[in-house]
Amino acid sequence: MKGLLICNKGIEDAALLELKELIKVDGKLGDTVIEFSCKEKDLVKLAYFTQSANRVIEVLKVDKIKKVDDINFDVDLSRFLDKVETFGLECVRVGGQDFKSVDVEAKLIKIIGEAYEKKFTHDNADVEFFAYVHNEDFYFGIQYGGDLSKRDYKIFSTKNSLKGPVGYGLVRDVGFSKKEKLVVTSSHDGVIGIEGALYSSGKSVHFFSKQKFLKDEEFLVGLDRKEVKSNIVALDASNHNLTQTKKNAKIAGVEKLMSFSRMELQWLDTKFDKASVDRVIGHLPSISKHREEKAVKKIYKEFFYQTSYILKKKGSILTLTHRRDLLEDAAKEYKLKKIKEKTIAQGQVEFVVMVFTFS
C-alpha cells in the first residue's frame with residue numbers, strides 16, 4: 001500500500017521525522033509531500049497522531065497534468081464502492097494552474113458517479129476520496145480523517161495566529177526533544193506551546209475527535225498512551241493573549257501539562273536561571289510600515305540579550321518573522337550563530353525561520 005502525507009511548504013523535514021517516529025518507515029521527500037509504503041493500520045495511526053500533516057491518504061494514482069482534460073482516470077475503485085451508496089470527493093490545488101479545484105472535483109465526480117452508479121454527497125459520505133494537485137503533480141486516493149490541519153482546540157484566536165502544523169514544525173525545527181525545557185516567549189493564542197506539549201506528552205491532537213476516523217475508533221483507543229507532563233513554558237506580555245492560550249490549552253487537554261506566565265521580554269532573566277533552558281522560540285515582529293527599523297532593532301537586541309542568558313551552552317533559539325532583516329547582526333552581538341534558515345508557508349503568507357546557537 002502506498003501512502004502520502006501532505007503538509008505545508010517548509011515543514012517537510014519535520015513531517016519526515018514524524019513519519020519515521022510514528023510508523024517506523026522512511027519516506028520519499030517531495031515539495032509539500034512525502035510518499036511512503038505502509039499497511040492500512042499504519043495510515044490510521046499516522047492520521048490520528050500526526051501534527052505535521054494537512055492530509056494523509058492511501059494513494060491510488062499519481063500522474064502529471066497541465067489541464068483538467070489531462071486527467072486519465074484508470075483506477076479500479078470497486079473495493080471501495082461495491083458495498084456503499086455514496087462517496088465524497090475533495091480537491092486541493094496549489095500552484096498557478098489555469099483551472100480551479102472545483103474543476104478537478106467536477107470531472108472526477110462525473111467519472112466516478114457514472115462508472116459505479118454511486119451518488120456524490122458533501123455530507124457523511126460512505127467513502128471519502130481526495131485529489132491533490134501541486135503544480136503539475138496529480139495525486140488521487142482515499143483520505144483518512146479529513147483535513148488534519150484543523151485543530152479542535154483552537155477556539156480562541158489572536159492576531160498573527162499560526163496553524164497547528166506550522167507550530168509543530170517550529171517545535172521540531174528548534175531541535176526540541178521530549179524531556180527538554182522549551183520557552184515560548186510570545187505565546188499569542190498558544191499554538192506553539194500546545195503543539196509542543198502534545199508532542200512531548202504523547203497525546204494525540206485528535207484525542208477528542210476519534211469520530212473522524214469512523215470504523216477505527218476502537219483501534220485508536222488502544223493506541224492512546226499515558227500522558228507525560230512536559231517542560232514547556234508559554235509566556236506573553238499580554239493578559240489577553242495568555243488567557244486565550246490557557247483556554248485553548250484546556251480544550252486541547254494539555255493545560256496541566258505545561259506552564260504559563262504573563263511576562264515582558266525584558267524580565268526573562270528574573271524568571272529563569274542562567275543557562276537553564278534548552279530551547280527558545282520567539283515569534284517576533286519585522287520592519288514594516290507600522291514598525292520602524294529602530295524599534296525592531298531594540299526588540300531584537302532585548303530578545304537575544306535575554307534568551308542568550310537563559311540558554312544552555314548546547315541549546316538553540318528559533319525566530320519566526322516575516323523578514324530576515326537585522327536578526328543575524330543582533331544575534332552575533334551575543335555570540336550566537338545561525339545554523340538554519342528556511343521559509344515556511346501558511347496559505348499565501350510566508351515566514352522566515354532562523355535557528356541560532358552559541359558560536
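## Burial and the two cysteines

A residue is called buried when its relative accessible area is under 20%, exposed when that area is over 50%, and partly exposed in between, using a 1.4 Å probe and protein chains only. By this measure C7 is buried, with a relative accessible area of 3%, and C38 is buried as well, at 10%. The structure is a predicted model, in which local features need pLDDT of at least 70 and side-chain atom pairs count only at pLDDT 80 or more, whereas totals for chains, interfaces and linings use all residues. Residues are numbered from 1 along each chain as its sequence is written, and side-chain values use heavy atoms, with hydrogens and water left out.

Why is C38 without a bond to C7? A disulfide is a pair of cysteine sulfur atoms within 2.5 Å, and the sulfur of C38 lies 16 Å from the closest cysteine sulfur, that of C7, which is too far for a bond. The count of disulfides therefore comes to zero under this rule.

## Nonpolar cores

In soluble globular proteins, nonpolar side chains tend to be buried together. A nonpolar core is here a set of buried Ala, Val, Leu, Ile, Met, Phe, Trp, Tyr and Cys residues joined through side-chain atoms within 4.5 Å. The largest such core has 79 residues, and those with the most contacts inside it are F36, V104, F129 and F140. A second, separate core is made of 27 residues, including M263, V277, I287 and I310.

## An open sheet of eight strands

Strands are DSSP runs of E with at least two residues, helices are runs of H or I with at least four, and both are numbered from the N terminus; two strands pair if DSSP finds at least two bridges between them. Eight strands form an open sheet with mixed pairing, in the order 2-3-1-4-8-7-5-6. Strand 2 (28–29) and strand 6 (119–120) stand at the edges, and each has a single partner strand, so one side of each is left without a neighbour in the sheet.

Strand 2 pairs with strand 3 (residues 33–37) in the antiparallel sense, over two bridges. Within this pairing, K28 stands opposite E35 in strand 3.
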